[in-house]
Amino acid sequence: MGVLKQLNRTLAVAALVLVPFAHADEMSDDAIKERLKPIGSVHVAGAQPVAAAGGARSGEDVYNASCTACHGAGVLGAPKPASADWKPRLEKGMETLLDHAINGFNAMPPKGTCMDCSDDEIKAAIEYMTDGV
Ligand code: HEC
């Protein structure tokens, strides 16, 4: 009787202890590696802020670096920033303007010569030039 009681208690304790590990397959080698991963990723995680610092340039930065040469003074009829020049162009819709800025349009060179600009950066530069128009 005493032995049976003891066995019962042991089983009860074993059940309590084992329940959290009921999904035994989660404790496979892969699962253990996965759990340890954050420790191994510390170096990668630490490198992320550096990548973030080299992120997208603002519309103003792109404009000053690549667009002002023509658009600043209206060279070859380039629409000047924040001027009524943009009114009829804005009527074409941002999608068309962005397409023309990326692929070129008459004397407007593709990407305004900013070949390493992303589409989003070109769009930001257009938004900067057309702000308040
Ligand atoms: C070499 C000169 C030059 C540079 C550099 C330049 N543009 Fe232009 N851009 C023009 C000219 C000229 C036009 C007018 C083209 C036309 O309407 O015939 C124009 C027109 C545009 C238009 C209007 C397109 C349309 O459909 O009406 C957008 C948008 C534009 N440029 C964006 C940019 C952006 C953004 C940059 C910088 C990343 C840039 N441009 C750099 C010359 C330039």
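Here is a short walk through the structure, one selection at a time.

Before you click on anything, know that this is a predicted model: local features need pLDDT of at least 70, side-chain atom pairs count only at pLDDT 80 or more, and totals for chains, interfaces and linings use all residues. Residues are numbered from 1 along each chain as its sequence is written.

**Stop 1: the ligand.** Select the ligand and show what surrounds it. You should find 28 residues, the closest being Cys 67, Cys 70, Asn 106, Met 108 and Gly 112; a residue is near a molecule if its C-beta atom, placed from the backbone, lies within 6 Å of it. Colour this shell by class and you get 18 nonpolar, 8 polar and 2 charged residues. Here Ala, Val, Leu, Ile, Met, Phe, Trp, Tyr, Cys and Pro count as nonpolar, Asp, Glu, Lys and Arg as charged, and the others, Gly among them, as polar. Helix 4 (59–71), helix 6 (94–103) and helix 7 (119–130) each supply at least two residues of the shell, and helix 4 gives the largest share, 6 residues. Helices are DSSP runs (H or I, at least four residues), numbered from the N terminus.

**Stop 2: helix 4.** Now select 59–71. Look at Ala 65, where a kink of about 55° is centred; the bend is the angle between axes fitted to the seven residues ending there and the seven starting there. Buried residues in helix 4 are Gly 59, Val 62, Tyr 63, Ser 66, Cys 67 and His 71. Buried means 20 or more other C-beta atoms, placed from the backbone, within 10 Å of a residue's own; exposed means 12 or fewer, and partly exposed is in between. Add helix 7 to the view, since it is among what covers those buried residues.

**Stop 3: the core.** Next, pick out the largest nonpolar core, which has 12 residues, including Val 62, Trp 86, Leu 97 and Met 129. Such a core is a set of buried Ala, Val, Leu, Ile, Met, Phe, Trp, Tyr and Cys residues joined through C-beta atoms within 7 Å. Helix 7 gives the most to this core, with 5 residues.

**Stop 4: two loop residues.** Finish with Ala 82, in the loop between helix 4 and helix 5 (87–90). Ala 82 has a positive phi of about 50° although it is not a glycine. Then go to Thr 113, in the loop between helix 6 and helix 7, where phi is positive too, at about 75°. Thr 113 counts as partly exposed because it has 13 C-beta neighbours inside 10 Å.

How values were computed:
Contact = placed C-beta atoms within 7 Å.
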